[in-house]
Amino acid sequence: MLEAKSLRCIRDERTLFDGLSFLVNPGDIIQVEGPNGAGKTSLLRILAGLAQPDSGEVLWQGENTRQHRDRYHQDLLFLGHQPGIKSMLTPFENLQFYQAVGQQPNRQAIWQALEQVGLVGYEDVPVAQLSAGQQRRVALARLWLSNSPLWILDEPLTAIDKQGVVELIALFEQHAQQGGLVLLTTHQDLTGTHQAIRKIRLAQTSVEIA
């Protein structure tokens with residue numbers, strides 16, 4: 001369970017949100033909504049432990065994530081705006097590097113992940129030579145390799161074609177059905193997905209949780 005308690009975020013002397021509290025339980029998919037500048041990315045970075053709130057705290061399994069940072073990050077997969085991959089390595093090498101952290105090597109799983117994101121044939125090309133969209137897909141391939149229960153994803157559907165979006169949403173739903181937790185921002189319309197999606201709507205004057 002992930003819990004946000006009375007979070008406040010101030011950027012450039014402007015309060016983005018204040019008193020924000022919510023729970024994310026196993027099986028939840030939560031979409032963070034709001035206009036540009038409302039604090040969506042700031043909230044995700046705070047939840048992921050990459051930024052600190054001006055007040056309040058984030059708890060994972062009842063423990064403060066700042067005090068148990070290493071344990072928390074073992075349970076977390078965060079994908080931000082930047083791909084977070086090594087440009088001098090190939091897609092296959094990047095996924096090998098990711099998999100080596102806390103997982104048994106599994107080349108077949110890596111090939112399957114590359115196939116899911118349409119990168120078979122590019123597995124040996126240095127990431128620096130790939131397009132921005134292809135680099136994004138290298139990062140997204142980690143979702144198919146992840147054992148982390150908590151996924152925090154900032155615009156994971158950007159620059160992905162319609163079929164790719166369908167496959168990613170199906171993966172989110174499968175992860176939730178297996179007891180995982182997903183928080184994401186996206187401009188995509190998720191209406192009609194099989195999994196019920198809760199929403200946190202950020203605005204300059206209010207926070208609504210549905």
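1. Start with α6 and its surroundings. The elements that cover the buried residues of α6 include β3 (29-33), α5, β7 and β8. This is a predicted model. Nine names make up the buried set: Gly164, Val165, Leu168, Ile169, Leu171, Phe172, Glu173, His175 and Ala176.

2. The length of α6 can be checked. At 1.5 Å a residue, its 16 residues should span 22 Å. The C-alpha atoms at its ends lie 23 Å apart, so the two values agree. After α6 comes Gly179. The phi of Gly179 is positive, near 95°.

3. Next, the largest nonpolar core. This core holds 33 residues. Leu143, Trp151, Leu153 and Phe172 touch the most other members. At least two residues each come from β6 (76-79), α3 (91-99), α4 (107-116), α5 (132-140), β7 (150-154), α6 (162-177) and β8 (181-185). The top contributor is α6, with six residues. In soluble globular proteins, nonpolar side chains tend to be buried together.

4. Leu153 deserves a look of its own. Neighbours within four places in sequence are set aside here. Beyond them, Leu153 is in contact with Leu44, Leu77, Leu79, Leu143, Phe172, Val182, Leu183, Leu184 and Thr185. There is also a second, separate core, of 28 residues. Among its members are Cys9, Leu44, Ile152 and Leu202.

5. Now the largest pocket. Its space comes to about 590 Å³. The lining has 23 residues, and His73, Leu76, Leu77, Tyr98 and Val101 lie nearest the centre. Two or more lining residues come from each of α2 (69-74), β6 and α3. Here α3 gives the most, with four residues. Sorted by class, the lining has 11 nonpolar, nine polar and three charged residues.

6. The second largest pocket comes last. About 200 Å³ of space lies in it. Its lining has 13 residues, and those closest to the centre are Val117, Arg137, Ile160, Asp161 and Gly164. At least two lining residues are supplied by each of α4, α5 and α6. The largest share, three residues, is from α6. By class, this lining has six nonpolar, three polar and four charged residues.

7. To tie this together, follow α6 through the model. This helix gives the most to the largest core. It also provides the largest share of the lining of the second largest pocket. Two of its residues show both roles by name: Phe172 is among the core members that touch the most others, and Gly164 is among the residues closest to the centre of that pocket.

Note on methods
Residues numbered from 1 in each chain as written. Predicted model: local features only at pLDDT ≥ 70, side-chain atom pairs only at ≥ 80, totals over all residues. Heavy atoms only, no water. Core = buried A, V, L, I, M, F, W, Y, C linked by side-chain atoms within 4.5 Å. Buried < 20%, exposed > 50% of the residue type's maximum accessible area, 1.4 Å probe, protein only. Contact = heavy atoms within 4.5 Å. 1 Å grid on protein atoms, 1.4 Å probe; cavity = no way out; pocket = protein on both sides within 12 Å on 5 of 7 lines; lining within 4 Å. Points joined across faces, edges and corners; volume = space filled by probe spheres on them. Nonpolar A, V, L, I, M, F, W, Y, C, P; charged D, E, K, R; others polar. Expected span 1.5 Å × (residues − 1).
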